[in-house]
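Visitor: I'd like to learn how to read a protein model one feature at a time. Could you walk me through this one?

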Amino acid sequence: MNNNNNNNNNNKRKKEERWPEITLGLVRRKAEHHTDTLDTLEELSLHQLQIERINRVLGNNCKRLRILYLQNNLIPRIENVHKLKSLEYLNLALNNVRRIEGLGGCERLSKLDLTINFVDAATLRESLEHLAELPAIAELYMTGNPCTEWAGYRLFVIAMVPQLRRIDGQDITKTERILAKQSFARLSAELQRLAEQQRAKNRQEEQEQVEEEEEEEEEVKEKPKERSSIKYTPEARVKMYRDLEDEDEARRAREEEESKTTGRMSEYEAAKDPIAAARERMSAKVVPSSDGKLPPQRNTGRYPFQVREDKWGDVIVDIGVPKYLDTSEMDVDVHPHWFQVLCKGTNFLMHTPVEVTPDASKVQRLMHNGHLLLTLKRTHKDEANAVRLNKPTTASAKSNSGGGDSVKKSNSGFRNIVKRDDDFNAPPQMHEVEAIRSAALLAKRHEKQQEPEDEEEEDWEDDDDVPPLD
């Protein structure tokens with residue numbers, strides 16, 4: 001019996017862990033195109049994630065949010081959004097919200113979407129009293145809530161929140177405002193009676209639900225219920241989502257098992273976008289091959305970069321990652337002939353022009369521009385014929401037409417150095433020849449300046465026909 005209870009508790013814990021919370025990691029993933037800090041983020045979409053609670057992450061880290069999409073989740077109440085002073089549009093459609101609350105600090109909120117939620121007659125008055133405190137509110141969407149079944153719903157909302165200009169997508173007319181003021185007393189009394197009836201109904205449904213749960217725990221084999229007999233409540237909606245996910249996971253496991261045995265591609269693998277799948281493969285971490293073959297170079301994030309050698313022969317790589325990207329989102333993996341930088345779902349992989357020592361290499365983050373600076377220690381520094389990379393190679397540099405380092409444009413959108421260690425005995429390039437020639441001319445000129453001045457040779461001829469000057 002204890003084992004069964006433990007298994008049930010573990011299953012419940014696993015189910016609870018499956019539902020994502022609003023975390024910094026989730027916000028960063030959903031704001032992948034925002035390269036600045038999160039406190040400057042203005043729009044965020046967290047829809048269809050089965051989120052069950054709005055925690056403090058958004059209010060503490062995204063205070064400049066103007067538009068927030070949270071539709072099609074399992075959120076039961078509006079909370080922890082009072083710090084979003086710049087919020088103008090909040091979408092909570094298809095959730096489990098029972099009343100409007102927690103919006104006191106949203107001074108600029110002008111549009112609230114609560115389509116298909118659970119605001120009923122019992123909570124309508126207090127919801128509208130809270131909404132009336134928002135000075136900028138202009139649009140309200142409540143279609144699909146139980147309170148909209150009341151015939152006096154629209155006029156009562158107009159009377160309670162006079163600053164509204166549109167309800168459920170329809171503009172409020174002057175005639176409706178006059179009618180709302182005239183019938184407010186009658187509508188208030190009618191709503192009070194409906195609210196008492198709704199509260200009694202809610203208490204009865206809660207009691208029935210508790211009894212049904214107790215009966216289900218006592219039964220050894222639970223009889224499946226038809227979907228038509230299930231009441232549409234917040235609790236039933238949560239259970240429906242969890243049952244659907246269990247069925248989806250079971251079907252996926254079956255198809256994956258069949259694909260392993262039959263070699264046929266499963267439905268989920270076949271449905272993947274081939275371009276997105278290829279991009280995902282190119283952005284994944286590369287594992288070194290057993291035969292020592294170099295992996296293909298790539299720059300899926302299209303980051304600008306520079307490659308050069310310092311005076312000790314070490315390879316210096318400067319990668320222009322976003323300035324405000326958190327360092328915890330980066331992972332650097334160095335190998336003797338190549339390295340890779342995993343950065344927020346992208347992969348920057350490049351071959352090194354010389355053999356390097358991974359353990360002696362160093363990675364730094366520049367403070368002024370946020371770039372990633374890699375110092376790859378050269379393994380063999382006593383190579384007499386090693387060619388220095390005195391000229392930095394950038395993504396916008398033009399390729400040389402002469403010999404030496406061959407630079408070519410890759411399919412991933414950046415230039416690759418394809419010269420290997422065995423090419424370092426190649427003839428020097430033209431810019432190196434010009435540098436040697438210039439140095440030789442400067443040395444010769446310097447030697448000439450250091451030589452003592454000789455007596456000037458007389459540039460004349462002895463002509464007997466010309467008398468002497470004495």
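Visitor: Which residues of β12 are buried on one side, and which on the other?

Guide: Happy to start there, and please keep in mind that this is a predicted model. The general idea first: in a regular strand the side chains alternate between the two faces of the sheet. In this case W338, Q340 and L342 are buried on one side of β12, while F339, V341 and C343 are buried on the other. Both faces of the strand are therefore covered, with buried meaning under 20% relative accessible area.

Visitor: How many residues of strand β12 are buried?

Guide: Six of the six residues in 338-343 are buried, so β12 is largely enclosed by the rest of the structure.

Visitor: Which strands pair with β12?

Guide: One partner is β11 (residues 330-334), which pairs with β12 in the antiparallel sense over five bridges. Another is β13 (residues 346-351), also antiparallel to β12, over six bridges. A good residue to follow across the three strands is Q340: its bridge partner in β11 is D333, and in β13 Q340 stands opposite L349.

Visitor: What joins these strands along the chain?

Guide: Hairpins do. The one from β11 to β12 passes through three residues, and the one between β12 and β13 has two residues between the strands. In that second hairpin, K344 takes a positive phi near 50 degrees.

Visitor: Which residues in loops have a positive phi without being glycine?

Guide: Q50 is one of them, with phi of about 55 degrees. Q50 sits in the loop between β1 and α3 (57-61). L94 is another, with a positive phi near 55 degrees, and L94 lies in the loop between β3 (89-91) and β4.

Visitor: How accessible are Q50 and L94?

Guide: Q50 is partly exposed, at 21% relative accessible area, and L94 is partly exposed as well, at 32%.

Visitor: Which residues form a nonpolar patch with L94 on the surface?

Guide: I116 and Y232 do, and the three together have about 250 Å² of accessible area. I116 is found in the loop between β4 and α4 (121-131) and is partly exposed, with a relative accessible area of 31%.

Visitor: β4 keeps coming up. What is the strand order in the open sheet of seven strands?

Guide: The order is β1-β2-β3-β4-β5-β6-β7, and the pairing is mixed. The edges are β1 (43-45) and β7 (170-171), each of which pairs on one side only. Inside that order, β4 (residues 111-113) and β5 (residues 139-141) run parallel and are joined by three bridges. There D113 stands opposite Y141.

Visitor: How should I read burial in a helix, say α5?

Guide: Start from the geometry: an α-helix has 3.6 residues a turn, so residues three or four places apart point the same way. Helix α5 (residues 153-160) is mostly covered, with six of its eight residues buried. The buried ones are Y153, R154, F156, V157, I158 and M160.

Visitor: One last feature: how many disulfides does the model have?

Guide: Here is the idea: a disulfide is a covalent bond between the sulfur atoms of two cysteines. The count for this model comes to zero disulfides, using a cut-off of 2.5 Å between the sulfur atoms. Cysteines can still be read for burial: C106 counts as buried at 0% relative accessibility, and C147 is buried with a relative accessible area of 2%.

Technical notes
Residues numbered from 1 in each chain as written. Predicted model: local features only at pLDDT ≥ 70, side-chain atom pairs only at ≥ 80, totals over all residues. Heavy atoms only, no water. Pairing = 2+ DSSP bridges. Helix = DSSP H or I, 4+ residues; strand = E, 2+ residues; numbered from the N terminus. Patch = residues over 30% accessible without salt bridge, like charges linked within 9 Å, V, L, I, M, F, W, Y side chains within 5 Å. Areas by Shrake-Rupley, 256 points an atom, 1.4 Å probe, with all protein chains shown as cover. Salt bridge = Lys/Arg side-chain N within 4 Å of Asp/Glu carboxyl O. Buried < 20%, exposed > 50% of the residue type's maximum accessible area, 1.4 Å probe, protein only.
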